[in-house]
Every structure is written in C-alpha cells, then in structure tokens.
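Work through the exercises below with the coordinates open. Try each task before reading its solution.

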Amino acid sequence: MYTLSVYFECMLARVTVVPLTLLGLLEREPSHGYELKRDYDNYFGGGRQLPFGQVYSTLSRLARDGKVSGGDTEPGAGPARKRYAITELGASEVDEWLREPADPEPYLQSVLFTKVVLALMLDRPADSYLAAQRASHLNRMRELTEIKRTTSSLMDALQADHALFHLEADLRWIDVTSARLEALAEMVHAR
Amino acid sequence: MTSFSLRRDPGPDGCLVEVKNLYKSFGATPALVDASLSVRGGEVLAVMGPSGSGKSTLLHCMAGIFTPDKGEVWFDGQRLDQLSDTGRTQLRRSAFGFVFQFGQLVPELTVSDNIALPLLLNRVSRKAAYARAEAWLARLGLDGLGERRTGELSGGQAQRVALARALVGQPKVLFADEPTGSLDTLTGEMVMELMTAVTREEGSTVVLVTHDARVAAYADREVMVRDGRVIDRSGAQVEVGR
Ligand SMILES: Nc1ncnc2c1ncn2[C@@H]1O[C@H](COP(=O)(O)OP(=O)(O)O)[C@@H](O)[C@H]1O
Ligand SMILES: [Mg+2]
C-alpha cells in the first residue's frame, strides 16, 4: 500500500515537474520547442529523452493557461518553428515552485536536482532553497520519529523507518550539494 | 559560590544558554568564526554539521570547558567566560552534565561508583549518592548491573551509564557530543529515546551535537555549523542581540 502510493507520487512528480522545468528554461530567454527539449535532455533527462510530443503538448497547455505566449510563428511552419516566451503568470509560478520546499517524501532526488540546477541557471539563491528543503526534511523526520516513539504497531514503526532512511539519504545529498554549489553553478553557466 | 545562587529562571526571552560572536582558533586553525547561538530553557537542540566544522569546539565553549578567544558566553544571566577557573569548574559540576562519544567512564570502578561519582564530588553523602545511583539504574533499564565494572559493558549499556552519571546531579543543561557515534542504529535509537524521555521529565535543556540526521530528529530544533559559523534553518548566519 505504502509502496504503491510512493510509486504514484513519483509518476505525479514527473508529470508536474516537466511543465515547471520548461517554464524555468523559458525564463532564461524565449526559445523554440527543440531548444527546450535539447536543454531539458541535457540537464535534467538523466539519460532519458523527453519525447517531442510531450514538449509540444506541454507547451500548448502552458499557452492555453496563459503561462507562456506562443507568438512569433515563422511563416510556413509547424509547432517546431514557434518561439515561446514566458508570461508574468508563468514566471511567478516558477518563482513560487523554486522557493517552496518540496513535500518531504522519499524518492525526491530528481525533483530536488532539477530545482537546484534551475535555481543556479536563473541566479536564484540555491543555497537558501536547499536550507529550507533541509529544514522541511528534518521536520518530517521529526514527525516520523515521533510516530515511531508513540505507536504500538511494529508495522507502522517499520514503515516510518523506511521513510526515515530515505529522507536521510535525501538530506545527505542536500548537504553534499550545498557544499558543491559553486562548482555546480560554474558548470551550469558554462553551457 | 554555591550551586543554588545560580538557579535563576531564564531571562524574559527564555534563553538559558547564549553565545555571542564567538571566535576560537587552535594555532592557525580557526575553529569558530563569529558563531552565535541561543538555547531556550527546556529545549532539546541539535547542533549538526560536517566533521571539522566546529561543533565540538562550540559545545566546549558553551559549557565553559574552553574559553573563546573573543565573544561572550552566557548561562542563566551570567557571563560564563568571565568567571575564574574555579568558578567555572564549580558551575560545570553543579549545573551541567556531559555525555561524549567514548571514554568517559572510569573502567576500574563499578557502574554504581561511576554514577555516584559526581554526587560524591559535590559532597553528597555516600548513602544518598548510592541510593540515587540505584534509582537511575532502574530508570535507564540497567537493573542488576550496579556491581559490574564499566569495562565489561556493551556500548549501549556504557552510554546509558554515562547518561545516568550525567543526569544524577540534576543538571540544568546536558551537553551531549555525538553520544550515539559509536553505536549501531538500533542501540543508538534506544539511547536517544531514553535521553530525550528522561531529560523532558527532568526539565533539563539539552545541547546535542550530531552529524546524524536520524539522531537530530529526536531534538526539538536544529542548527547547522559550517566553517565555524552557526547557520539557521533559512541558511542565514545566526545573529544575536548584543
Ligand atoms: N585541541 C585541538 N587542537 C588543534 N586543533 C583543533 C583542536 N580541536 C579542534 N581543532 C580543529 O578545529 C576545527 C574544528 O574542530 P571540531 O570543533 O572538533 O569540529 P567537529 O566537532 O565539528 O568535528 C577542526 O579544524 C579541528 O581540526
Ligand atoms: Mg566533534
């Protein structure tokens, strides 16, 4: 039951992260769909490519919701020739997403990584985002520890333990990344 | 000076221990660089950070074991760093308890002797001291181990004895430096569980140094030490009013 819900959360994370990531990439400068796909695959794909179809369906949904404007169609061309720009609504959504710590659930690594790289790309304070994420993780770990201390069910305690070990792994990654932010920023800006 | 003259309520802001703008170097190595931190009475505070970041040095300064090169150390409305050596030693004995990672028990003495020792040093009668030691044995699940030599204990038992010895004098502050550092996960959890349960019952304040997030999760709050500075949860350096 628990494992299943984690699985769905992962799927959900991928579904919500792609549009926000594309928005973040657009915040640097207006871009064509193929440029967005190239940068997405390059920085965030982790070996997996984002299908063109998903890029364009995501962009058209973002356009429908007023988060990007898809003007500048070059004559005689399909969606690949459209240049997209972020709107104010889109920019404020990116800002809010970067600023807010993600819900501390296990298997967050790809979301956290995406947020850190985007924050660096956009010259946001990645270190304070990571600190907020760290605090949020520790709060959740405190709650889980409290569950372990007070529950009479061994099963609940063991499930809490499973989550605790995974959150701890996230936290270690957060600490290592905090310590290496400068080097990562250099790489991101050197593109 | 008696211990009782020191038993004052924490100030209006609720701070029991406060360090302000501490600097401490060992030769050319800066261990603390403008470190500030406040601890409220009754809270369990975790001090986290990578190894070598200055956590132990900070704890030693807060507890009056080290004198900082610069800055202020306050305990219960008093400047700790301005007390004489004797004054500080006396204060440490009466108001503070300590648990470290290793090597704090006297291996040739029995468990009961080790727990009673701080009381005997504070001139409590033998009879009363051993009675209180006995009560702590029961409280920490160490019944029947009073006559053992501490060299014969398991790691978890030894840390529970160390905890009893630290708390037997009813300190206002327990300073614990990596108390679970040499224990396995489950044993470490048991020690943390006991430590937080009994200090809450006693109303003691705890400053817990650990690099382990699972251990820090037993605390009410955490701060990070990085490169000799104390960082709060927003990632900003902690500042305190002068
Ligand atoms: N007694 C000492 N003599 C020399 N250097 C020390 C001493 N104690 C600590 N240091 C140095 O001060 C820095 C901070 O150490 P410490 O406070 O022990 O860190 P932590 O407890 O976070 O691992 C380190 O660089 C360490 O090598
Ligand atoms: Mg240390």
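**Exercise 1. A strand pair in chain B**

How many bridges join strand 6 of chain B to strand 7 of chain B, and do the two run parallel or antiparallel?

Solution. Keep in mind that this is a predicted model.
- Step 1: locate strand 7 of chain B at residues 173-177.
- Step 2: count the bridges to strand 6 of chain B; there are 4, and the two strands run parallel.
- Step 3: pick one bridge. B:Phe96 has B:Val173 of strand 7 as its partner.

**Exercise 2. Two faces of one strand**

Sort the residues of strand 6 of chain B by the way they point, and say whether they are buried or exposed.

Solution.
- Step 1: recall the general rule. Side chains in a regular strand alternate between the two faces of the sheet.
- Step 2: apply it to residues 96-99. B:Phe96 and B:Phe98 point one way, and B:Gly97 and B:Val99 point the other way.
- Step 3: check burial. All of these residues are buried.

**Exercise 3. The residues around ligand 1**

Describe the shell around ligand 1 by class, by element and by polar contact.

Solution.
- Step 1: list the shell. Before the serine-rich stretch come B:Phe26, B:Thr29, B:Ala31 and B:Pro50. The rest are B:Ser51, B:Gly52, B:Ser53, B:Gly54, B:Lys55, B:Ser56 and B:Thr57.
- Step 2: sort by class. The shell has 3 nonpolar, 7 polar and 1 charged residues.
- Step 3: assign elements. Strand 2 (29-40) and helix 1 (55-62) of chain B each supply at least two shell residues. Helix 1 of chain B gives the largest share, 3 residues.
- Step 4: find the polar contacts, using N or O pairs within 3.5 Å. A side-chain N or O atom of B:Thr57 lies 2.5 Å from an oxygen atom of ligand 1. For the side chain of B:Lys55, the distance to a ligand oxygen is 2.8 Å. B:Gly54 takes part through a backbone N or O atom, 3.1 Å from an oxygen atom of ligand 1.
- Step 5: compute the cover. On its own, ligand 1 has 550 Å² of accessible area, and the protein covers 59% of it.

**Exercise 4. Strand 9 of chain B and its partners**

Which strands of chain B are joined to strand 9, and in which sense does each run?

Solution.
- Step 1: take strand 3 (residues 44-48) of chain B. It runs parallel to strand 9 (residues 221-226), with 4 bridges. One partner pair is B:Ala46 and B:Glu222.
- Step 2: take strand 10 (residues 229-231) of chain B. It runs antiparallel to strand 9, with 3 bridges. Here B:Val225 is partnered by B:Val230.
- Step 3: inspect the hairpin of strands 9 and 10. It has 2 residues between the strands, and B:Asp227 takes a positive phi near 50°.

**Exercise 5. B:Arg226 in its surroundings**

Place B:Arg226, classify its exposure and name its contacts.

Solution.
- Step 1: B:Arg226 lies in strand 9 of chain B.
- Step 2: B:Arg226 counts as partly exposed because its relative accessibility is 32%, between the limits of 20% and 50%.
- Step 3: leave out residues up to four places away in sequence. B:Arg226 then touches A:Ser178, B:Ser53 and B:Ile231.
- Step 4: compare sequence and space. B:Gly49 is 177 residues from B:Arg226 in sequence, yet their C-alpha atoms are 6.1 Å apart.

**Exercise 6. Two positive phi values**

B:Gln170 and B:Glu178 are not glycines, yet each has a positive phi of about 50°. Where does each residue lie, and is each buried or partly exposed?

Solution.
- Step 1: B:Gln170 sits in the loop between helix 5 (155-167) and strand 7 of chain B. B:Gln170 is partly exposed, because its relative accessibility is 46%.
- Step 2: B:Glu178 sits in the loop between strand 7 and helix 6 (185-202) of chain B. B:Glu178 is buried, because its relative accessibility is 12%.

**Exercise 7. The sheet of chain A**

Give the strand order of the sheet in chain A and identify its edges.

Solution.
- Step 1: count the elements. Chain A has 8 helices and 3 strands.
- Step 2: read the order. The open sheet runs 1-3-2 with antiparallel pairing.
- Step 3: name the edges. Strand 1 (31-32) and strand 2 (68-69) of chain A each pair on one side only.
- Step 4: check one pairing. Strand 2 and strand 3 (residues 83-86) of chain A are antiparallel over 2 bridges. A:Val68 stands opposite A:Ile86.

Note on methods. Residues are numbered from 1 along each chain as its sequence is written. Chains are lettered from A and ligands numbered from 1 in the order in which they are written. This is a predicted model: local features need pLDDT of at least 70, side-chain atom pairs count only at pLDDT 80 or more; totals for chains, interfaces and linings use all residues. Side-chain values use heavy atoms; hydrogens and water are left out. A residue is near a molecule or strand if one of its heavy atoms lies within 4 Å of it. A polar contact is a pair of N or O atoms within 3.5 Å; within protein, one must be able to donate a hydrogen and the other to accept it, and residues adjacent in sequence count only if both atoms are side-chain atoms. Accessible areas come from the Shrake-Rupley method with a 1.4 Å probe; for residues, only the protein chains shown count as cover. Ala, Val, Leu, Ile, Met, Phe, Trp, Tyr, Cys and Pro count as nonpolar, Asp, Glu, Lys and Arg as charged, and the others, Gly among them, as polar. Buried means under 20% relative accessible area, exposed over 50%, partly exposed in between (1.4 Å probe, protein chains only). Two strands pair if DSSP finds at least two bridges between them. Contact means heavy atoms within 4.5 Å.
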